[in-house]
Amino acid sequence: HGPAIADPRGHTEALLAHRLAREAGVREAVGRGAGTPAEIVPMLYPGLAEALRRAAERSVLAHLLKLEGEGSVRRVQAPGGGEIFRAVN
């Protein structure tokens, strides 16, 4: 899926740094009160093309599930039904 990677270590470190930065953004968004991927995506991806929104929401959900597994966020019942994520203090 692309050209050969000349610097695998550097490439991997860059990918990891990007992933950790995105995770920090998800944490910040939840801390500011966003509770669903649909609420978080516009905060992390301003100006995102509508065609990419669903993929971005799934990526954010993956981060939320990871954070839930680590105990950083939890799922709660949303007013009016459904579930939302909230930061664990």
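## Exercises on a three-helix, two-strand model

E57 sits in helix α3. Keep in mind that you're working with a predicted model.

**Exercise 1. Work out whether E57 is buried or exposed, and find which residues it touches beyond its sequence neighbours.**

Step 1. Look up the relative accessibility of E57, which is 19%.

Step 2. Hold that value against the cut-off: buried means under 20%. E57 therefore counts as buried.

Step 3. Now skip the neighbours within four places in sequence and list what's left: E57 is in contact with P37, A38 and V41.

Step 4. Place those partners. Helix α2 covers residues 37-44, and α2 is also among the elements that cover the buried residues of α3.

**Exercise 2. Describe helix α3: how far does it reach, and where do its buried residues sit?**

Step 1. Start with the length. α3 has 21 residues and reaches 31 Å from its first C-alpha to its last. At 1.5 Å a residue you'd expect 30 Å, so the span is close to that.

Step 2. Collect the buried residues of α3: A56, E57, V60, H63, L64 and L67. Because they cover an arc of only 125° around the axis, they're on the same side of α3.

Step 3. Turn to the face pointing away from that buried side. Here you'll find the exposed residues A51, R54, A55, R58 and G69.

Step 4. Ask what does the covering. The list for the buried residues of α3 includes α1, α2, β1 and β2.

Step 5. Check what comes right after the helix: G71 takes a positive phi of about 85°.

**Exercise 3. Do the same for helix α1: find its span, its buried residues and what covers them.**

Step 1. α1 runs over residues 8-31, giving it 24 residues. From first C-alpha to last, α1 reaches 34 Å, close to the 34 Å expected at 1.5 Å a residue.

Step 2. Pick out the buried residues of α1, which are R22, E23, G25, V26, A29 and V30.

Step 3. Name the cover. For these residues it includes α2, α3 (50-70), β1 (73-77) and β2 (83-87).

Step 4. Look just past the end of α1, where G33 has a positive phi of about 110°.

**Exercise 4. Decide how exposed R74 is, and say which residues it contacts.**

Step 1. Locate R74: it's in strand β1.

Step 2. Its relative accessibility is 44%. Partly exposed covers the range between under 20% and over 50%, so R74 counts as partly exposed.

Step 3. Leave out neighbours within four places in sequence, and the contacts of R74 are I84, F85, R86 and V88.

Step 4. For a sense of distance, take L16. R74 and L16 are 58 residues apart in sequence, and their C-alphas are 24 Å apart in space.

**Exercise 5. Zoom out and sketch the whole protein: which elements does it have, and in what order do they run?**

Step 1. Count the elements: 3 helices and 2 strands. From the N terminus on, they go α-α-α-β-β.

Step 2. Get the dimensions. Along its principal axes, the C-alpha trace spans about 50 × 30 × 20 Å.

Step 3. See how much is tucked away: of the 89 residues, 26% are buried. The accessible surface is about 6,100 Å², and 56% of that belongs to carbon and sulfur atoms.

Step 4. Check the contacts with a separation of 6 or more: 34% of them join residues 24 or more positions apart.

Step 5. Finish with charge. There are 12 positive and 10 negative side chains, and the centres of the two sets lie 2 Å apart.

How values were computed:
Residues are numbered from 1 along each chain as its sequence is written. This is a predicted model: local features need pLDDT of at least 70, side-chain atom pairs count only at pLDDT 80 or more; totals for chains, interfaces and linings use all residues. Side-chain values use heavy atoms; hydrogens and water are left out. Helices (H or I, at least four residues) and strands (E, at least two) are DSSP runs, numbered from the N terminus. Buried means under 20% relative accessible area, exposed over 50%, partly exposed in between (1.4 Å probe, protein chains only). Contact means heavy atoms within 4.5 Å. Accessible areas come from the Shrake-Rupley method with a 1.4 Å probe; for residues, only the protein chains shown count as cover. Lys and Arg count as positive and Asp and Glu as negative; His and the chain ends are not counted. The place of a charge is taken as NZ of Lys, CZ of Arg, CG of Asp or CD of Glu. The arc is that of the directions from the helix axis to the C-beta atoms.
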